[in-house]
Amino acid sequence: MTVNSEPEALLSHLQNADGSATFSFSGYTVVGAVNGPIEVQRRDELPEEAAVDVIVRPAAGVGGTRERHLESLIQSTLRQIILVDNFPRTLIQIILQVTTTPENEYVNAKVAQATSNLPILPALLQTAVLSLLSAALPLTATLTSTSLAVVADGQSKKVVLNPSPREIETSQSFHVFSFTSHDELILAESEGSFTVKEWDEAFSVAQRQCCPPTNTDDGDTLMDDGSLPGANLKQFIRSTLEGKIASDLHWK
Amino acid sequence: MATAQSERIFVLPGDQIDPSLIPSHPKKALRLGPGLRHIPPNELVPTVAGQLVTDPRKNSIWVEYNGGRYVPTVGDLVIGTVHHSATDYFYVTLSSYTSNAILPQLAFEMATKKTRPNLNPGALVYARVCLANRHMDPELECVSPSTGKADGLGPLNGGMLFEISLGMARRLLMRKSVEEGKVVVLEELGAAGLAFETAVGRNGKIWVNSEKTKTVLLVGRAVKETDEKSLTVDQQKKLVRKLVREMS
């Protein structure tokens, strides 16, 4: 397994885009570019707010229904955090190019088959947010997202955070959650069969992962969170942006 | 900026600003700069990622950042490209893929209905933004409305246009660009005996003109390199020495 568990990002590396970011996490690498506010086509123009256009391009081939589905999910999530009323009658364009997806070593990847749409969603959302921050577009908050699978473990069931493709395939249900930096749930997508209790459990694991307590004075809770696998994405966004701003404003 | 801030304060969109950081002045009203949003009655929220800067003397607070697309603001000096002209207006492009700004043909020094400047598509103008709001196209002027003088604004003839980052344009336009902006590249080039003129647009453009084409290219490249490689004052001096040596 050569899946990187630590997130990595590169900001503002594309010359001709207003903002850009490359983000890699758990086997996915996505390049994002943001342009905006720019002139919008007449038919997409909204009189009171900016139109948000999300384009997802797969690693191989041309986009299809799968990409349209992801685009609609990302679009409706992002327009809640972008201050769209600041730029009426304009367009904010977000292009997300997938470059790497994790390989499932149990399946012959060359055989075309219907697979789940959702596993790539957290990586796409994270890239989009980093690109928007790089483009200095006004936002109300940032967001972090995570994926979970509920896997049958003998009689009982366990929740796996950031599951591998194999784990997703053998799982009974798969969930994606996104939280804003104000710890509010902004996106919840699930597939497979699950009970409300399982969903609640997955939700609480996701909430602990995406909204880690900022106060570090309580030693006990810190120990519990330390046992959670996966990276602290909230802290990751902050440290990445701090590095970028420090180098941008080196003259200050 | 005037204050000696011991540490940088980073903010992300939606972060809470420590109330102790917000300057309070007994008389002056608080002035909010770019990157901040006031949610009535009394909430102040950053909307971009950047460094929070305050100026207690002016009682102002803003977020300093670099990047993104130029959004016109009243009072900014910009370099625009004439796109086309109509009977009363020139339509001027400030950045690519955005709607054109309008520049009235009479907003030039000494312009009357009979003697108006003739600008062809592609001509460059140095102008001030006099109207900018989100619902309307920005409006420009090349003349001071109170004095009727051009004050250096107007058509830019000859020379060459270079693209720079918005942060670099801001540094070059600072009143004390050497002390506060830490850019000495233009001063050093001038001290090295080169004769040239420049105009900096807040929309990320710098126009350079000289009698010698070589000088134009050298100055433009020096500024672009300073911007892209984020050179320090000493590195800028070194770069200028190297470029001048290569030219002669």
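Lys and Arg count as positive here and Asp and Glu as negative, while His and the chain ends are left out. With that rule, chain B carries 31 positive and 25 negative side chains. The centres of these two sets lie 2 Å apart. The structure on screen is a predicted model.

**Stop 1: chain B as a whole**

Select chain B and hide chain A for now. Turned along its principal axes, the C-alpha trace of chain B spans about 55 × 50 × 35 Å. A cartoon view of chain B should show four helices and 15 strands. Chain B has 248 residues, and 44% of them count as buried. Switch to a surface view next. The accessible surface of chain B is about 13400 Å², and carbon and sulfur atoms make up 51% of that area. Contacts that reach across the sequence can be counted too: of those in chain B between residues at least 6 apart, 61% join residues at least 24 apart.

**Stop 2: the domains of chain B**

Colour three ranges of chain B separately. Domain 1 runs over 9–64, domain 2 over 77–157 and domain 3 over 161–247. How far apart are the centres of domain 1 and domain 3 of chain B? Taken over C-alpha atoms, the separation is 32 Å.

Now select residues 159–213 of chain B. An unreviewed UniProt entry annotates this range as "domain: K Homology". The range is 29% helix and 25% strand. Its two end C-alpha atoms are 8 Å apart.

**Stop 3: B:Ile206**

Stay in that part of chain B and select B:Ile206, which sits in strand β15, residues 205–209. Is B:Ile206 buried or exposed? It counts as buried, because its relative accessibility is 0% and the cut-off for buried is under 20%.

Show the residues around B:Ile206, leaving aside those within four places in sequence. Its contacts include B:Ile79, B:Met160, B:Leu161, B:Phe162 and B:Ile164. Also among them are B:Leu172, B:Thr198, B:Ala199, B:Val200 and B:Val223. Then draw a distance from the C-alpha atom of B:Ile206 to that of B:Ala169. The viewer should give 7.7 Å, although the two residues are 37 residues apart along the chain.

**Stop 4: two backbone details in chain B**

Most residues other than glycine have a negative phi, and most peptide bonds are trans. The next selections depart from that pattern.

Select B:Pro40 and B:Pro41. The peptide bond from B:Pro40 to B:Pro41 is cis, with omega near 5 degrees. B:Pro41 belongs to the loop between β3 (36–39) and β4 (43–46) of chain B.

Move on to B:Asn59. This residue is not a glycine, yet its phi is positive, at about 55 degrees. Where in chain B is B:Asn59 placed? It lies in the loop between β5 (50–55) and β6 (60–64). B:Asn59 counts as buried because its relative accessibility is 2%.

**Stop 5: chain A as a whole**

Bring chain A back and hide chain B. Chain A has six helices and nine strands. It contains 252 residues, of which 50% count as buried. In a surface view, chain A has an accessible area of about 12100 Å², with 49% belonging to carbon and sulfur atoms. Among contacts in chain A with a separation of 6 or more, 66% are between residues 24 or more positions apart.

Select residues 13–137 and 153–208 of chain A together. UniProt lists both ranges, in an unreviewed entry, under "domain: Exoribonuclease phosphorolytic". Then keep only residues 153–208 of chain A. This span is 34% helix and 41% strand, and its end C-alpha atoms lie 22 Å apart.

**Stop 6: details in chain A**

Within that span, select A:Ser171. It is in the loop between α3 (165–170) and β8 (173–180) of chain A. A:Ser171 has 15% relative accessibility, so it counts as buried. Which residues does A:Ser171 contact, leaving aside its neighbours within four places in sequence? They are A:Ala149, A:Val150 and A:Val151.

Go back along the chain to A:Ser26, found in the loop between β2 (19–25) and β3 of chain A. A:Ser26 is not a glycine but has a positive phi of about 45 degrees.

The tour ends at A:Gly36 and A:Pro37. A cis peptide bond joins these two residues, with omega about -5 degrees. A:Pro37 is part of strand β3 of chain A, which covers residues 28–39.

Note on methods
Residues are numbered from 1 along each chain as its sequence is written. Chains are lettered from A and ligands numbered from 1 in the order in which they are written. This is a predicted model: local features need pLDDT of at least 70, side-chain atom pairs count only at pLDDT 80 or more; totals for chains, interfaces and linings use all residues. Side-chain values use heavy atoms; hydrogens and water are left out. Buried means under 20% relative accessible area, exposed over 50%, partly exposed in between (1.4 Å probe, protein chains only). Contact means heavy atoms within 4.5 Å. Accessible areas come from the Shrake-Rupley method with a 1.4 Å probe; for residues, only the protein chains shown count as cover. The place of a charge is taken as NZ of Lys, CZ of Arg, CG of Asp or CD of Glu. Domain bounds come from an automatic or database domain assignment. UniProt positions are given in the numbering used here, feature names are shortened, and annotations may be inferred rather than shown by experiment.
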